[in-house]
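Dear colleague,

Please find below the structure that I am handing over to you. A summary of the findings comes after it.

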Amino acid sequence: MKVAQIFLHLLQMELKAPFTTSFGTIRHRTILLVEAIDSDGAVGWGESVAFQTPLYNEETVKANWYMLEEFLIPAILNQEINHPDEVSQRFSSIRKNLMAKSAIEGAIWDLYANREGISLSKSLGGTKKQIEVGISIGIHDSVLELLQSVDHYVSEGYRRIKLKIKPGWDLDVLREVRKHFPDTPIMADANSAYSLPDLHHLKGLDEYNLTMIEQPLASDDIIDHATLQANLNTPICLDESIHSVEDARKAIELGSCKIINIKIGRVGGLTEARRIHDYCMSMGVPVWCGGMLESGIGRAHNIAITSLDNFTMPGDTAGSSRYWYQDIIEPEVEVSNGLITVPSTAGIGYTVNRQRLKDFMLMTKTFR
Ligand code: OSB
Ligand code: MG
């Protein structure tokens, strides 16, 4: 296939409610979409998961736009591509910028699956017909509000509850939630809010029967995480620290974690995400799919990768209505009894609603 035309679309979407992590509060998402069209007229969609601010990682939406415009689109446009696995090879001389790379690679994967007439899930080697999902709940103003929120999502059927924590919103909060929900699978995500001198404090997590603690220490660390894991019964799951299968290998060899959160954008695309999945499977390390408050397009990509066998733990891919008044895909992503049905139709398996796209559009640029 030859990509003849690429559109970059920038959208502004209001979240139903602000989402607070240890690094800050997100109230709305500026979403960068890549629409790739090949010389036969087939279409593929990808999404950048970068935020407006460089607080989760160093990338931003505008920096992604620049990278796509200046370097990544020129490397793809009008070039012969036999398989989407080739896209990351084309980008191999360009350092980092993994979310920008992933946005365009995702569009090529969808385009490829559409051309083949198979689902994105199937094109990746996914086998599951349904995926189990959990929900990530942000830091609230009070424990009472948090308990109400947890109660709401537990009764909606989500398979596990992830609570965002930070110093001052951690052990006491977890104790309360555990008291009210003794049997619910609960985990905590610190987004790098702690450092090794907090070891004694973090050992307190072992009291609450958590399925895991996600990224307690620095986003660029795997050394101190190994020390922490050796002193903690609660399994550590790495998010921010893992950008590639090489990072995963080193973290697992060092004993820095027992579980890995795979985010397609954070690792540079579906090809690398699948490599990490395969490596972890060979090492007996379970993985799950993280989230970045995506629109329906990124959500659809997450569903497809989660259909692979070693995604054995519920991920953060909640239903569209958890985030948006209106999503940009049809049908919207529905969660029923904590399960999402993996689409079996071609490509991502959802249709992009052009009218909604228009409603949220800030700007569009065409490359050909
Ligand atoms: O660390 O997983 C994270 C949201 C924004 C930034 C980082 C993270 C998150 C989430 C929410 O946990 C996942 C989601 O519901 O999409
Ligand atoms: Mg995380």
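The paragraphs below deal with the domains first and then with the ligand.

Please note at the outset that this is a predicted model. The domain assignment of the protein chain gives two entries: domain 1, made up of 3-117 + 353-367, and domain 2, which covers 123-341. Between the C-alpha centres of domain 1 and domain 2 the distance is 23 Å. The two domains also touch: 37 residues of domain 1 are in contact with 43 residues of domain 2.

Where does ligand 1 lie with respect to domain 1 and domain 2? Ligand 1 lies between them, because both domain 1 and domain 2 give residues to the shell around this ligand. There are 18 residues around ligand 1, and those that come nearest are Ser 136, Asp 189, Asn 191, Leu 293 and Tyr 323. Sorted by class, the shell holds seven nonpolar, three polar and eight charged residues.

Three distances from oxygen atoms of the ligand may help you to find your way in the site. For the side chain of Asn 191, an N or O atom is 2.7 Å from an oxygen atom of ligand 1. With the backbone, an oxygen atom of ligand 1 is 2.9 Å from a polar atom of Leu 293, and an oxygen atom of the ligand is 3.3 Å from a polar backbone atom of Met 292. On its own, ligand 1 has 390 Å² of accessible area, and the protein covers 100% of this area. The space that ligand 1 takes is, moreover, the largest cavity.

With kind regards

Terms used: Residues are numbered from 1 along each chain as its sequence is written. Chains are lettered from A and ligands numbered from 1 in the order in which they are written. This is a predicted model: local features need pLDDT of at least 70, side-chain atom pairs count only at pLDDT 80 or more; totals for chains, interfaces and linings use all residues. Side-chain values use heavy atoms; hydrogens and water are left out. A residue is near a molecule or strand if one of its heavy atoms lies within 4 Å of it. A polar contact is a pair of N or O atoms within 3.5 Å; within protein, one must be able to donate a hydrogen and the other to accept it, and residues adjacent in sequence count only if both atoms are side-chain atoms. Accessible areas come from the Shrake-Rupley method with a 1.4 Å probe; for residues, only the protein chains shown count as cover. On a 1 Å grid over the protein atoms alone, a cavity is a set of points where a 1.4 Å probe fits but cannot get out, and a pocket is an open set with protein on both sides within 12 Å along at least five of seven lines; lining residues have an atom within 4 Å of a point. A molecule sits in a cavity or pocket if more than half of its atoms lie within 2 Å of its grid points. Ala, Val, Leu, Ile, Met, Phe, Trp, Tyr, Cys and Pro count as nonpolar, Asp, Glu, Lys and Arg as charged, and the others, Gly among them, as polar. Domain bounds come from an automatic or database domain assignment. Contact means heavy atoms within 4.5 Å.
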